[in-house]
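This report describes how the strands, helices and buried side chains of one protein model are arranged. The sheet is taken up at the start, and the cores, a loop residue and a helix follow.

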Amino acid sequence: MNKKSLLLGAAAIGFLGINGLQAEAAIDETVKNIDIDFYYQKDRVRIDFKQDKKGKITKSDIRNDIKGEKFRKELGEQKIREMFEDVDFNTASNNEIFMAILDYIDAPSGSEFTKGTFNSRFWDGKKTFNFSDKEVLQSGEVTNNKDLRKIDATVYYGKEKVDFKYTVLNKSISSSYRNTITGERYKGLQSAAKVNDLLKGFHLRNSANYEVNTYLLSGLEESTGGAEATRIVLRAEFTNGAKRNYDVRL
């Protein structure tokens with residue numbers, strides 16, 4: 001996944017020395033705990049981070065069945081801080097946190113996220129979002145496309161292509177993503193997160209074709225290895241009944 005898309009503009013707070021290294025720390029002393037429990041079929045990813053009011057770490061465990069990894073204490077803390085190095089829990093959106101978690105897990109293409117929970121708390125009583133397997137990312141959360149109801153797009157790179165679908169129905173999202181260059185295939189939440197990331201930064205209904213092309217190709221550049229796009233086919237529908245259909249050869 002593209003880590004550049006996760007940058008929030010706000011600088012991370014403080015510094016933490018680990019094994020003699022100074023690392024920028026986005027998890028500061030105001031965070032009380034972070035709990036993550038994700039499942040991919042029978043594989044489990046469990047992350048448990050706790051610290052006291054003085055910033056002393058009391059627990060920092062990671063269990064990642066997908067990679068066969070287990071980390072505790074200092075090494076677990078280092079991995080958790082690296083996972084969220086670009087995330088400020090005070091300002092981050094649901095999708096940005098979700099993307100950071102998926103980026104760390106790096107599940108193989110075709111792996112299906114089946115259920116999961118996330119929550120974090122602060123010492124002043126604040127909480128970040130909580131989600132469970134019964135909830136989905138909300139339409140337009142990190143995009144400028146809250147009026148988007150449906151999109152079906154294909155970007156061709158010669159004989160290869162990237163295609164994705166994203167449909168909002170009664171606040172639930174159905175989504176799929178396929179990249180024939182890398183062999184990546186995603187459905188559900190993972191796909192929705194990738195599509196949300198591709199669409200942020202511009203309003204699909206009002207932007208000119210060249211603006212849409214620029215944003216999409218820029219967002220896909222890293223995952224396509226810099227391949228040259230030859231054609232973009234896009235069909236979109238919006239909540240006000242408007243439609244946008246175009247087929248552009250590049």
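In this predicted model, strand 3 and strand 4 run antiparallel and are joined by 8 bridges. Within this pair, D37 stands opposite R46 of strand 4. The two strands belong to an open sheet of 5 strands, whose order is 6-5-4-3-7 and whose pairing is antiparallel. Strand 6 (69-71) and strand 7 form the edges, each of them pairing on one side only, and the twist from one strand to the next averages 5°. Helix 1 packs on this sheet, where it touches strand 3, strand 4, strand 5 (57-64) and strand 6, and its direction makes about 75° with that of strand 5.

The largest nonpolar core has 31 residues, among which I34, I36, F38, F84 and I101 touch the most other members. The elements that each give two or more residues to this core are listed below.

| Element | Residues |
|---|---|
| Strand 3 | 31-40 |
| Strand 4 | 43-51 |
| Helix 1 | 73-83 |
| Helix 2 | 94-105 |
| Strand 7 | 113-122 |
| Helix 3 | 188-199 |

Helix 2 provides the largest share of the core, with 8 residues. If neighbours within four places in sequence are left aside, I101 is in contact with I36, F38, M83, F84 and F118. A second, separate core holds 28 residues, including V162, V195, L198 and V212. In soluble globular proteins, nonpolar side chains tend to be buried together.

The loop between helix 2 and strand 7 contains E112. Is E112 buried or partly exposed? With a relative accessible area of 47%, E112 is partly exposed, because this value falls between the 20% limit for buried residues and the 50% limit for exposed ones. Apart from residues up to four places away in sequence, E112 touches Y39, Y40, Q41 and Q190. The last of these contacts joins distant parts of the sequence, since E112 and Q190 are 78 residues apart in sequence, while their C-alpha atoms are 8.3 Å apart in space.

Helix 4, which covers residues 209-220, has 12 residues and reaches 16 Å from its first C-alpha to its last, close to the 16 Å expected at 1.5 Å a residue. Its buried residues are V212, N213, L216 and L220. These residues lie on the same side of helix 4, because they cover an arc of only 100° around the axis. An α-helix has 3.6 residues a turn, so residues three or four places apart point the same way.

Notes. Residues numbered from 1 in each chain as written. Predicted model: local features only at pLDDT ≥ 70, side-chain atom pairs only at ≥ 80, totals over all residues. Heavy atoms only, no water. Core = buried A, V, L, I, M, F, W, Y, C linked by side-chain atoms within 4.5 Å. Buried < 20%, exposed > 50% of the residue type's maximum accessible area, 1.4 Å probe, protein only. Helix = DSSP H or I, 4+ residues; strand = E, 2+ residues; numbered from the N terminus. Contact = heavy atoms within 4.5 Å. Pairing = 2+ DSSP bridges. Axes fitted to C-alpha atoms, helices over the stretch in contact; angles between N-to-C directions. Expected span 1.5 Å × (residues − 1). Arc of directions from axis to C-beta.
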